[in-house]
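Please find below a colleague's note, set out as numbered points. Each point takes up one topic.

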Amino acid sequence: KLWLLLQSHSIAGHFHDLNQEISTLLDVFPIKDLNLSDDIKEQVELLQKQGRQCKLYVDKNDEVLRLKFFSFLDEFENGRIPNHVELRLFFVERLGIKDVESCRSEIEFLEEQIEMAHTFLTIPKDFCCPISLDLMKDPVIVSTGQTYDRSSIARWMEEGHCTCPKTGQMLDDTRIVPNRALRNLIMQWCIAHGVPYDPTETSDASAETFAAALPIKAAIEANRATAVLLIQQLANGSQGAQTVAAREIRLLAKTGKENRAFIAEAGAIPHLRKLLSSSNPVAQENAVTAMLNLSIYAKNKSRIVDEDGCLGSIVEVLRLGLTVEARQNAAATLFSLSAVHEYKKRIADQGGAVEALAELLRVGTPRGKKDAVTALFNLATHADNCSRMIEAGAVTALVGALGNEGVAEEAASALALIVRQPIGAEAVGKEETAVSGLIAMMRCGTPRGKENAVAALLEFCRTGGAAATRRVLKAPAMASLLQTLLFTGTKRARRKAASLARVFQKCENATSRFGGSGVGYPFASNSTTNDVSVVPMSISVL
């Protein structure tokens, strides 16, 4: 509820932008050229009128609450505690957060939103092409003053359009001018955020005509024709011709979503599936790698999964592939396909899939292990896969991977997901080196590895209860490791460390309340003398 309140302006803005876009579309809608009934015309004209009159709307009550919340933050920032009556009125009466459970739900949801904000980078809207919605590589300006990516606006014009896609205005001419200022801003933003940027090579001329973009269309059509010929070779050629065709399709599908789209549309997937069972190592490797490259395009994922026997054939290559490269690329293909949530369960239920991934994680090459652990992580994000992963030995393989620097981060992330379920926490608890492996990561891992390790331990304690908590609590140097993370860890690591400290404190309090002897959980020292400096857990929340 609190998150929605804070996002009220953004959400209202999105609806307003959508309304403006609909209004623009209706303004350029060729109503006079269509044989529509008077009733339909009247409805369209009414929509046009309403669209033009639309204004940004934010609920007044929401705005009052939002400003009140920010006033609370201001008071805290200035060292003052807001009036408790006003706080109660705001949270309990206005937002309806009336008990501990609903408050805990709010906190956990806000933590997830913070993590997502750090995980997923939002591209500034002005850097995206209004046609493709992708980050612009070569921004150009048309006669209406609007900016588009060169390839998108060139294709728009080539298809015979004479209007500006965004405004609907008629274009005075087809000249396009490079927007170098915006291009430089995009490059600077990409460098600052670590985003790969491969700008299109263009002429130095200050203005270029639409004719310069014609080769783009020609290249696309040439590739399309090539794909058709290659697929004919896959279908009817000799074994040698099929091997060569699979290799060429693999290379053609390596770059460009257009290539991946029309290769699949032309019918390549059924023929590649047959080659997955080939006794020729080169043919099999090329076929599975081509399948991997095709699966990168979102629409092709469903084509591959829905193709009868295709998923099973990919798993067979993963299990019994004739080359190391083929087995690794089969694992990478499963990782790519598992990006679609509904396919995660289908992949896990495929006979031998999880077992083969676990085996590759144990004994594969560094790249093979990376492919395997990322695929297992994706499968672990589906709650229904937990028992299957336990049965297949994936938990044991993930625990073993904690000691491998190349895959430790992903392994800890996958374990953090698995232990959220009781059966997962129980399975991880049975692994002798699980807790010690995660603690070792907290001590010597990368910053990301440390935060994933403490997150996994936190979930393990929350789900595993008192027994799991005591096991982690008694680990050597646990207090000093948590203290170090609280002061030097990443933002997420500090949050998780503070939450784990609170879990430990509750466990200690419960032990003392029922007559047990607590282990004494000091932050500043592991000493058991009377002058131990114990830092209250509550002040460690950052």
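The points that follow move from the whole chain to its cores, a helix and a single residue.

1. Status and confidence. The model under review is predicted. Its mean pLDDT is 83, and 88% of the residues reach at least 70.

2. Segments to be treated with caution. Over residues 201-216 the pLDDT stays under 50, and the model has 29 contacts beyond four places in sequence for this segment. Residues 513-542 likewise stay under 50 in pLDDT, with 43 contacts beyond four places in sequence in the model. Where pLDDT is low, the predicted coordinates should not be read in detail.

3. Overall composition. The protein contains 27 helices and three strands. Of its 542 residues, 41% count as buried. The exposed area is about 29,100 Å², of which carbon and sulfur atoms supply 55%. Among contacts with a separation of 6 or more, 64% are between residues 24 or more positions apart.

4. The largest nonpolar core. This core has 104 residues, and the members that touch the most others are Leu272 and Met478. Helix H25, spanning residues 447-473, gives the most to the core, with 10 residues. At least three residues of the core come from each of domain 3 (218-339) and domain 4 (343-510). In soluble globular proteins, nonpolar side chains tend to be buried together.

5. Surroundings of Leu272. Setting aside residues up to four places away in sequence, Leu272 touches Leu234, Ala246, Ile249, Ala287, Ala290, Met291 and Leu294. A second core, separate from the largest, has 16 residues, including Leu135, Val142, Met157 and Ile176.

6. Helix H10. Two of the residues touched by Leu272, Ala246 and Ile249, are also among the buried residues of H10. The others listed as buried in this helix are Gln242, Thr243, Ala245 and Leu252. H10 covers residues 239-252, 14 residues in number. From its first C-alpha to its last, H10 reaches 20 Å, close to the 20 Å expected at 1.5 Å a residue.

7. Glu410. Is Glu410 in helix H22 buried or exposed? The residue belongs to H22 (residues 408-418). Its relative accessible area is 18%, and the cut-off for buried is under 20%, so Glu410 counts as buried. Apart from neighbours within four places in sequence, Glu410 is in contact with Lys370, Val373, Thr374 and Phe377.

Notes. Residues are numbered from 1 along each chain as its sequence is written. This is a predicted model: local features need pLDDT of at least 70, side-chain atom pairs count only at pLDDT 80 or more; totals for chains, interfaces and linings use all residues. Side-chain values use heavy atoms; hydrogens and water are left out. A nonpolar core is a set of buried Ala, Val, Leu, Ile, Met, Phe, Trp, Tyr and Cys residues joined through side-chain atoms within 4.5 Å. Buried means under 20% relative accessible area, exposed over 50%, partly exposed in between (1.4 Å probe, protein chains only). Helices (H or I, at least four residues) and strands (E, at least two) are DSSP runs, numbered from the N terminus. Domain bounds come from an automatic or database domain assignment. Contact means heavy atoms within 4.5 Å. The expected span of a helix is 1.5 Å times one less than its number of residues. pLDDT is the predictor's confidence in each residue, from 0 to 100. Accessible areas come from the Shrake-Rupley method with a 1.4 Å probe; for residues, only the protein chains shown count as cover.
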